[in-house]
Amino acid sequence: MRYALVTGGSRGIGRAISLKLGEMGYHVLVNYVSNEAAALQTLSLLEAAGGSGELLRFDVGDKEAVASAISSWQQAHPDAYIEVLVNNAGIRRDNLMIWLEESEWDTVLRTNLDSFYHVTRAVLQPMVLKKYGRIVNVASLSGLKGLPGQVNYSAAKGGLIAATKALAQEVARKNITVNAVAPGFISSDMTDGLDEKALSKDIPAARFGRPEEVAAVVGFLASKEASYVTGECISINGGLYC
């Protein structure tokens, strides 16, 4: 059995990625932190589609919680390892810099960037020992272009893209690829409250993207067919920013 871990895998883009990896034959570890009902629904959808998975609850921004959860899983599965990691979990706390509270900065950086370090470091050594792995980081248009009101989010996602490029060079000889995807406006919980009709006027594709469209790209990057693609950040934004 092959294993994949999707952080923030219970809803939106994370759910679509979990289902895509299940379709590819992976037993999916669906990470969540609070919404157990949504996580269970994702698991149900996985199984209904003929896949398999399990829930793995921890806060990606809490290094002790991450280490404990992944260590416990590995001890329970001594002959297995997580060969695909998708760092998807993320939050927004939008505010103009002049009013941005320290807590809004710290929370966003902890959940969106520190989590990359905590989770990736916990699963990387087995990948190196097995000489195979796929790491895909879900960044954002904000990390490439920067968006007003998202100084904290843009900093976190920009840092994630830079970390992707650096780590890719460290582990390429071990047959481990590290890539990122940078979604634009995708219909999900993260874009609830945005004026989709108004914003779509500025998108060449004239619409928001779907979580499944992001998952399709992640699925390719997680596949063996993408073995010569590493250190890349692929934009998924309908032509909004090239």
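The paragraphs below follow the salt bridges of this predicted model, from one pair of side chains to the next.

Side chains of opposite charge can pair when their charged atoms come close. Counted over the structure, such pairings come to 6 salt bridges. One of them joins the side chains of arginine 2 and glutamate 83, with 3.8 Å from N to O. This pair ties together distant parts of the chain, since arginine 2 belongs to strand 1 (residues 2-6) while glutamate 83 belongs to strand 4 (residues 82-87), 81 residues apart. The two partners can also be described by their accessibility: arginine 2 counts as partly exposed because its relative accessibility is 32%, whereas glutamate 83, at 9%, falls under the 20% limit and therefore counts as buried.

A second salt bridge to look for is the one between arginine 110 and aspartate 59, whose side chains meet at 3.3 Å, N to O. Here, too, distant parts of the chain are linked, for arginine 110 sits in helix 4 (residues 102-130) and aspartate 59 in the loop between strand 3 (52-57) and helix 3 (63-76), 51 residues apart. Arginine 110 has a relative accessible area of 30% and is partly exposed, and aspartate 59, with 25% relative accessibility, is partly exposed as well.

Further along the chain, the side chains of glutamate 213 and arginine 207 form a salt bridge of 2.7 Å, N to O. This pairing is part of a wider arrangement, in which salt bridges that share partners bring Arg207, Arg210 and Glu213 into one network. Within that network, glutamate 213 is partly exposed, at 25% relative accessible area, and arginine 207 is partly exposed at 37%.

Conventions:
Residues are numbered from 1 along each chain as its sequence is written. This is a predicted model: local features need pLDDT of at least 70, side-chain atom pairs count only at pLDDT 80 or more; totals for chains, interfaces and linings use all residues. Side-chain values use heavy atoms; hydrogens and water are left out. A salt bridge is a side-chain nitrogen of Lys or Arg within 4 Å of a carboxyl oxygen of Asp or Glu. Helices (H or I, at least four residues) and strands (E, at least two) are DSSP runs, numbered from the N terminus. Buried means under 20% relative accessible area, exposed over 50%, partly exposed in between (1.4 Å probe, protein chains only).
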